Amino acid sequence: MPLTEDGPGPTTDDLAGVAVIGAELNDDLAALVGGMRTELAGRISELDGDPVLLELLGASIEGNVDTILHALQHHIEPDRFEPPTAAYEYARRLAQRGVPVNALVRAYRLGQQFLLQRAFEVGSRLLEPVQLARSYAVVVDTVFAYIDWISQRVVTVYENEREAWLANQRNERESRVRSLLAGDLRDLDGAERLLGYRLSGRHVAAVSWLSDAATSDQLTRSGRALRMLARHLGSPQAPLVVGQDENTTWAWIQVPAGVTASAHLATWSFDQTPAPAIALSSVHEGLDGFRVGHEEALRVQRVALLGDGPRRQVLSHDEPGTALATLLSADIEATRHFVRRVCSAASRSRARRPSGIAGRCTCSCATTARTPPRPRR
């Protein structure tokens, strides 16, 4: 058993008192577990009355309390503790449900308080004051040692499960988005539940990217910027955000009626450096709009990447000239051939009208036809 602070260790009489407390509590284990479960369920709001979580909480409490009481009765040292299976399963389920880890840790602190109160009440009835003082000190040390030991382990289980769950969920979400973009219309209700996004609404699609490869949190920055932009557009819900690669994020933003992704966004910016560039589509409706908008946003990004990079943070398909530029950029060589042909016709007409629009067009077109596009970065 753990040493007390006041002496070299518990005496035989102290340990006998500890065993009496442990045995008495164990005789009424069901009531003890039930009382603790009710107390924790009422004080940990994150559980939200979920019957599955409450059932697992009860099993976890029973496993932990049973382990502690056996340690008290049989003087089991902390290095011989065995974690209850139910405690690990409860931690895993909280991680899967997205319940914050502090709710898990708080349950152990509240449970420790509840158990020590009951232990003192039992000891006060069954032990003399002097023996109670020393035996209860051993009980406190034992319970604290167990809670410290098990807390570290269940938090590790929670974190590992949460990381695996999120990675799996990301993979499922990304896979479902790609299948929707490819035209898979099966189980749209299931897709909306998985994505947490209404596919039948009015969408603005977005592509966000960072060109600074030295920035390690690029996807996180893009996600924050897209959520801020969604609020700026008056979106009634969080955007659907999925990673395309380590530099690029795809997103869809629900927008209310009357909102457009237009040039008024030219002054909007994300207040972090480096900030991601964002290419936006026009507003489209329904699943077809989900796909069409995505293609538009990709074309806007392509136009931005043809030069030295965007000079503004947000580029919209609705801005004057952008839609045409996105179509022309789809085939640069064909566009240059078209420009040369138009310029040739303009040059022939110049002999008849050497000034005015034809002359200015000839100069502009000739420059465009001679100048190759800058390489994509």
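## Strands 2 and 3

A hairpin of four residues connects strand 2 to strand 3. In this predicted model, the two strands run antiparallel and are joined by four bridges. One of the bridged positions is Gly243, whose partner in strand 3 is Thr249.

In a regular strand, side chains alternate between the two faces of the sheet. Strand 2, residues 240–243, shows this alternation: Leu240 and Val242 point to one face and are buried, whereas Val241 and Gly243 point to the other face and are not buried.

## Overall architecture

The chain contains twelve helices and five strands. Of its 377 residues, 44% count as buried. The chain exposes about 19,600 Å², and carbon and sulfur atoms supply 52% of that area.

Among contacts in the chain with a separation of 6 or more, 74% are accounted for by residues 24 or more positions apart.

## Helix 1 and its cover

Helix 1 comprises 16 residues, 12–27. At 1.5 Å a residue it should span 22 Å, and its end C-alpha atoms are 22 Å apart, so the expected span and the model agree.

The buried residues of helix 1 are Asp14, Leu15, Gly17, Val18, Ala19, Ile21, Gly22 and Leu25. Their cover includes helix 2 (29–43), helix 3 (51–74), helix 5 and helix 6.

## Aromatic pairs and a charge over a ring

The model has six aromatic pairs. One of them, Phe120 with Tyr136, is edge-to-face, with 5.1 Å centre to centre and 75 degrees between the planes. Phe120 lies in helix 5 (residues 101–126) and Tyr136 in helix 6 (residues 129–181), so this pair ties together parts that are 16 residues apart in sequence. Phe120 counts as partly exposed, at 39% relative accessibility.

A second arrangement is found in the pair of Trp252 and Phe290, which is stacked: the centres are 4.2 Å apart and the planes differ by 10 degrees. This pair links distant parts of the chain, with Trp252 in strand 3 (residues 248–254) and Phe290 in helix 9 (residues 286–306), 38 residues apart. Both Trp252 and Phe290 are buried. Elsewhere, Phe81, Tyr146 and Trp149 form one aromatic cluster. The ring of Phe114 has the charged end of Arg118 over it, 4.0 Å from the ring centre.

## Buried loop residues

Val99 is placed in the loop between helix 4 (85–97) and helix 5. With a relative accessible area of 6%, Val99 falls under the 20% limit and is therefore buried. Which residues is Val99 in contact with, leaving aside its neighbours within four places in sequence? They are Glu46, Leu53, Leu94 and Tyr158. Val99 also lies 7.5 Å from Leu47, C-alpha to C-alpha, although these two residues are 52 residues apart in sequence.

Leu210 belongs to another loop, the one between strand 1 (202–209) and helix 8 (218–232). Leu210 is likewise buried, its relative accessible area being 5%. Leaving aside neighbours within four places in sequence, Leu210 is in contact with Gln218, Arg221, Asn247, Pro274, Ala275 and Pro276. For one of these, Pro274, the C-alpha atom is separated from that of Leu210 by 7.8 Å, with the two positions 64 residues apart along the chain counted as their separation.

## Positive phi outside glycine

His75 is not a glycine, yet its phi is positive, at about 55 degrees. His75 is found in the loop between helix 3 and helix 4. At a relative accessible area of 30%, His75 is partly exposed.

Asp187 also has a positive phi in a residue other than glycine, near 50 degrees. Asp187 sits in the loop between helix 6 and helix 7 (188–195). Is Asp187 buried or exposed? Its relative accessibility is 54%, above the 50% cut-off, so Asp187 counts as exposed.

How values were computed:
Residues are numbered from 1 along each chain as its sequence is written. This is a predicted model: local features need pLDDT of at least 70, side-chain atom pairs count only at pLDDT 80 or more; totals for chains, interfaces and linings use all residues. Side-chain values use heavy atoms; hydrogens and water are left out. Rings of Phe, Tyr and Trp (its six-membered ring) pair if their centres lie within 6.5 Å; planes under 30 degrees apart count as stacked, over 60 as edge-to-face and the rest as tilted. Buried means under 20% relative accessible area, exposed over 50%, partly exposed in between (1.4 Å probe, protein chains only). A charge sits over a ring if NZ of Lys or CZ of Arg is within 6 Å of the ring centre and within 35 degrees of the ring normal. Contact means heavy atoms within 4.5 Å. Accessible areas come from the Shrake-Rupley method with a 1.4 Å probe; for residues, only the protein chains shown count as cover. Two strands pair if DSSP finds at least two bridges between them. The expected span of a helix is 1.5 Å times one less than its number of residues.
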